[in-house]
Amino acid sequence: MMVKYEGNDIILEDIDCLNLDLTLDCGQAFRWERQSDGSWSGVVKGVFLNILQCGNRYILKNTSKKALDTVWLKYFDFDKDYAQICNTLKQDELLASTVDEYYGIRVLNQDSWEALCSFVISQQNNIKRIKGIINRLCREYGEEVCEGFYSFPSAQRLSELRVDDFEALGMGYRAKYLERLSKDVACGRIDLKKIKALSLEDARKELLNIFGVGIKVADCALLFGFGFYDAFPIDVWMKRVMEFYPNGLPECFNGIGGIAQQYLFHWARNNL
């Protein structure tokens, strides 16, 4: 990867396997907004970014080297060799063509707290409604980072709310889950850093002990917010995909099953 500085912009070049449209709008993150010029704007860990892809060139506008080093390099997983990962996944017959067709999907390294809350909200919900609820949550209780863009509110801030405050945002039955989760994280009863340091199996057990968290929400949070690349969330689309694997997942998925899942999920939504 080559890094260039042009005024307040940072230009990244020679990055293999990153398609912003596919990565930022595939259902793993809910707070990126596509702009009229084709760029994407969002806030991660209280830091705003507008990023534009021009082929294999990425323009990060009005940002800093510090933000690149402390937030964006990890968030977009620039240090991981996705070209090699994709070549490995293409050993599977179904993924051989799928990876080529949807090349550039990455698993984002999201904040554990935001990811867990987001996927609790996602239960029995569609992406448009999920985005709307989370947007209202951030506008009401987050801090404005720049005009129209807000940070994700902390557990401490949300722990001050009541169930009806969450219901007012349109969360429905999920309100009681967020109310309990916020209070348990804020007081330390749930330690997200500790969970992140566990094995996948033990981390999943810890998340499944949380009120309102089932297996799908747990695996989504583990993959997208806790760095477990071998977590393999199964929803209604992936249940259909699993019919193509009657003997279980292939060996080439080992350790990177979550990345395989993203490609298969996208393929299923477009073909099944």
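Colleague: How many cavities of 30 Å³ or more does the structure hold?

Modeller: One. This is a predicted model, and the cavity is a computed one. The volume of the largest cavity is about 110 Å³.

Colleague: What makes that space a cavity and not a pocket?

Modeller: Whether the probe can leave. In a cavity a 1.4 Å probe fits but cannot get out, whereas a pocket is an open set of points. Rolling a probe the size of a water molecule over the atoms shows where empty space is left.

Colleague: Which residues line the largest cavity?

Modeller: Ala 29, Phe 30, Arg 31 and Trp 32 are among them, as are Val 43, Val 44 and Lys 45. The lining also includes Tyr 75, Gln 110, Asp 111, Glu 114 and Ser 118. Two elements, β4 (40–44) and α5 (112–121), each supply at least two residues.

Colleague: How do you know what character the lining of the largest cavity has?

Modeller: Sort the residues by type. Six are nonpolar, two polar and four charged. Tyr counts as nonpolar, so Tyr 75 falls in that group. Asp and Glu count as charged, which puts Asp 111 and Glu 114 there.

Colleague: What space lies in the largest pocket, and which residues lie nearest its centre?

Modeller: About 500 Å³. The lining has 26 residues, and Ser 122, Asn 125, Lys 216, Asp 235 and Phe 265 lie nearest the centre.

Colleague: Which helix gives the most to the lining of the largest pocket?

Modeller: α12, with five residues. α6 (127–141), α12 (215–225) and α14 (257–271) each supply at least two. By type, the lining divides into 14 nonpolar, nine polar and three charged residues.

Colleague: What makes up the second largest pocket?

Modeller: Its lining has 20 residues; nearest the centre are Lys 45, Gln 110, Asp 111, Ser 112 and Lys 196. The space is about 280 Å³. α2 gives the most, with four residues. α2 (65–75), α10 (192–196) and α12 each supply at least two. The split is nine nonpolar, six polar and five charged.

Colleague: Why is Gln 28 called buried?

Modeller: Its relative accessible area is 1%. Buried means under 20%, so Gln 28 qualifies. Gln 28 is found in the loop between α1 (20–24) and β3 (33–34).

Colleague: What makes the link from Gln 28 to Arg 106 a polar contact?

Modeller: The distance and the atoms. A polar atom of the Gln 28 side chain lies 2.6 Å from the backbone oxygen of Arg 106. The cut-off is a pair of N or O atoms within 3.5 Å, so the distance passes.

Colleague: Which residues does Gln 28 touch, leaving out those up to four places away in sequence?

Modeller: Thr 23, Arg 106, Val 107, Leu 108, Gln 110, Phe 119, Phe 224 and Gln 262. Each counts because heavy atoms come within 4.5 Å.

Colleague: How do you know that β1 and β2 pair?

Modeller: Count the bridges. Five join β1 (residues 2–6) to β2 (residues 9–13), and the strands run antiparallel. Pairing needs at least two bridges, so these strands pair. Val 3 has Leu 12 in β2 as its bridge partner, and Glu 6 stands opposite Asp 9.

Colleague: What lies between β1 and β2?

Modeller: A turn of two residues, which makes a hairpin. Gly 7 in that turn has a positive phi of about 65°.

Colleague: Where does β6 fit in?

Modeller: β6 (residues 57–61) is joined to β2 by four bridges, antiparallel, with Ile 10 opposite Leu 60. On to β5 (residues 47–54): five bridges, again antiparallel. There Asn 50 stands opposite Lys 61. The β5 and β6 hairpin has two residues between the strands, and Gly 55 takes a positive phi near 65°.

Colleague: In what order do the six strands form the open sheet?

Modeller: β1-β2-β6-β5-β4-β3, with antiparallel pairing. β1 and β3 are the edge strands, as each pairs on one side only.

Colleague: Which strands do the buried residues of α2 pack against?

Modeller: β1, β2, β4, β5 and β6. The buried residues are Ala 67, Leu 68, Val 71, Trp 72, Leu 73 and Tyr 75. In an α-helix, residues three or four places apart point the same way. Just after α2, Asp 77 takes a positive phi of about 60°.

Definitions and conventions:
Residues are numbered from 1 along each chain as its sequence is written. This is a predicted model: local features need pLDDT of at least 70, side-chain atom pairs count only at pLDDT 80 or more; totals for chains, interfaces and linings use all residues. Side-chain values use heavy atoms; hydrogens and water are left out. Buried means under 20% relative accessible area, exposed over 50%, partly exposed in between (1.4 Å probe, protein chains only). A polar contact is a pair of N or O atoms within 3.5 Å; within protein, one must be able to donate a hydrogen and the other to accept it, and residues adjacent in sequence count only if both atoms are side-chain atoms. On a 1 Å grid over the protein atoms alone, a cavity is a set of points where a 1.4 Å probe fits but cannot get out, and a pocket is an open set with protein on both sides within 12 Å along at least five of seven lines; lining residues have an atom within 4 Å of a point. Grid points are joined across faces, edges and corners, and a volume is the space filled by probe spheres set on the points.
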